[in-house]
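Me: I'd like to learn how to read a few features in a protein model. Could you walk me through some of them?

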Amino acid sequence: DADGLDVTNNPENLQKIVDSLDKVDDDEKDITEEDLTNIGVTVPDGVAIDAINNVIKDPDTDVTDTSDVQEVVDALDKLNKAEENAPSDLTAEDLAVLGVTDPDEGGFTDEEVAAVNEAIDADGLDVTNNPENLQKIVNSLDKVDDDEKDVTEEDLTNIGVTVPAGVEIDAINEVIKDPNTNVDDTSEVQAIADALEKLNSAEENPLDTVDASDLSTLGITGTDGLTDEEVDAINEAINENGLDVTNNPSNLQEIVDSLEDVVSGSVDTTDLTNIGIEIPAGLTLEAINTVLQDADTNVDDPSEVQAVVDAIHKMNEGERLDNSDLDADDLKTLGITNSAGEFITDADEIAAINEAVNADGLDVTNSPQNLQTLALGGIVEALERLRAGELEEGDFAILGANKPDGVSLEAVNKVLKDPDTDVDDTSELQEVLNALDKLNKAEANVADTVD
């Protein structure tokens, strides 16, 4: 019935058809172009006779008649055109005709067929007249989609993935198998390779960064997603002397987790190491977390954590050496506010706080709480009363001044109001108190004098 040899009054031609069909059905024999003509198969330009024979002999095909052979030829023609002119549009039926099988033996899903077509369109294996290479593509894609298998460099070449210099195959496999990723085709694997290249570049060059899309591609997650500010913090952490993320998405995830601990105010030594923060000797995690948890601070990146660490260290050293020199920025970094809930910027108020730190009052070592107590403990008001010559008994302790026994409050305020004195801070107040004490002792004991 096909358009083969004319058998009208010609049993000889009929025998030729039978002989040609016998070769179709015998895997030990090769068919020729003449055979295909005999049985009425039309072969488009470009379809190779060897490719036809390979499919016919494939154990996964069952080719016995003209229509079966024509299907093979048509599928090969479609395969060749797909390789030559994207986009490829092979179907599951085409794959079956060509003897291409699903390694999982479950048949091809629409998504798997789409992945095969995408790989053909990419710069992978050339499938022109080559169903064997098509099977290799399918096998490599199966490994991409199976978390129990590792892809190799050959697999990536098969499916048309270009691996940038420096990107390691182990890192690609790690991301493919990550439960937070869903990778099953060439473009998705290529995106992973490209994101890893950006990650490696960011580790090497502080000017290079990763974006939210890269992090998602690499399976990096945050508790509530990742905001632009969090992405900025991640890039800053990568550029610090923390965990090396070169070909290491796991370390990148650890950095993200540690930054979340920063935001929640629950960092430990590992967290600080992860994001590149060094802790000076004697500085406690409790002090750091106290500042991170303070409602008056907003710390979410490594530079801000480093500022907190530096400010606490400065506070501790000031307490230890009695030379506190905290400034407005330090107090703001530590979340220290006045009684109005405002950050302290007045130079005299800051000076009074430093003098109170130096005095033998509250110990502020690793204690931002005690520093806040000093700031809220009426020090500003006490300073105002000092300058007005209207000190109260409790002001001496607030200001960190030591009033000797026998020195009266009235005498102190009298000196403070004297137009010939100018007492503005704790050190000057202490000088007044010491002078009054010497005066009293001189009156009581002729051996004592004033100078």
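Me: Is Lys149 buried, partly exposed or exposed?

Reply: Happy to start there, and keep in mind that this is a predicted model. Buried means under 20% relative accessible area and exposed means over 50%, with partly exposed in between. Lys149 has a relative accessible area of 30%, so Lys149 is partly exposed.

Me: Which residue does the side chain of Lys149 meet in a salt bridge?

Reply: The general idea is a side-chain nitrogen of Lys or Arg within 4 Å of a carboxyl oxygen of Asp or Glu. Here the partner of Lys149 is Asp146, at 3.8 Å from N to O.

Me: How many salt bridges are there in the whole structure?

Reply: A search finds 20.

Me: Which residues are joined into one network with Lys29?

Reply: Take the pairs one by one. Lys29 meets Asp22 in a salt bridge at 2.6 Å, N to O. Lys29 also forms a salt bridge with Asp26, where the closest N and O atoms are 3.8 Å apart. As for accessibility, Asp22 is partly exposed at 37%, Lys29 is partly exposed at 33%, and Asp26 is partly exposed at 23%. Salt bridges that share partners thus link Asp22, Asp26 and Lys29 into one network.

Me: Which residues form the negative surface patch?

Reply: A patch is built from residues with over 30% relative accessible area and no salt bridge, like charges being joined within 9 Å. In this model, Asp104, Glu105, Asp145, Asp147 and Glu148 form a negative patch. Take Asp147 as the example: its relative accessible area is 44%, so Asp147 is over the 30% cut-off for a patch. Asp147 lies in the loop between helix H7 (131–144) and helix H8 (153–158).

Me: Now for the inside: is Asn289 buried or exposed?

Reply: Asn289 sits in helix H15, residues 285–293. With 11% relative accessibility, Asn289 is under the 20% cut-off, so Asn289 counts as buried. Leaving aside neighbours within four places in sequence, Asn289 is in contact with Gly265, Ser266 and Val267.

Me: And how do I read a whole helix? Which residues of helix H3 are buried?

Reply: A useful idea is that an α-helix has 3.6 residues a turn, so residues three or four places apart point the same way. In helix H3 (residues 49–57), the buried residues are Ala51, Ile52, Asn53, Val55 and Ile56.

Me: What do the buried residues of H3 pack against?

Reply: They pack against helix H1 (11–24), helix H2 (33–38), helix H4 (66–84), helix H5 (92–97) and H7.

Definitions and conventions:
Residues numbered from 1 in each chain as written. Predicted model: local features only at pLDDT ≥ 70, side-chain atom pairs only at ≥ 80, totals over all residues. Heavy atoms only, no water. Patch = residues over 30% accessible without salt bridge, like charges linked within 9 Å, V, L, I, M, F, W, Y side chains within 5 Å. Areas by Shrake-Rupley, 256 points an atom, 1.4 Å probe, with all protein chains shown as cover. Lys, Arg positive; Asp, Glu negative; His and termini not counted. Charge placed at Lys NZ, Arg CZ, Asp CG, Glu CD. Helix = DSSP H or I, 4+ residues; strand = E, 2+ residues; numbered from the N terminus. Buried < 20%, exposed > 50% of the residue type's maximum accessible area, 1.4 Å probe, protein only. Contact = heavy atoms within 4.5 Å.
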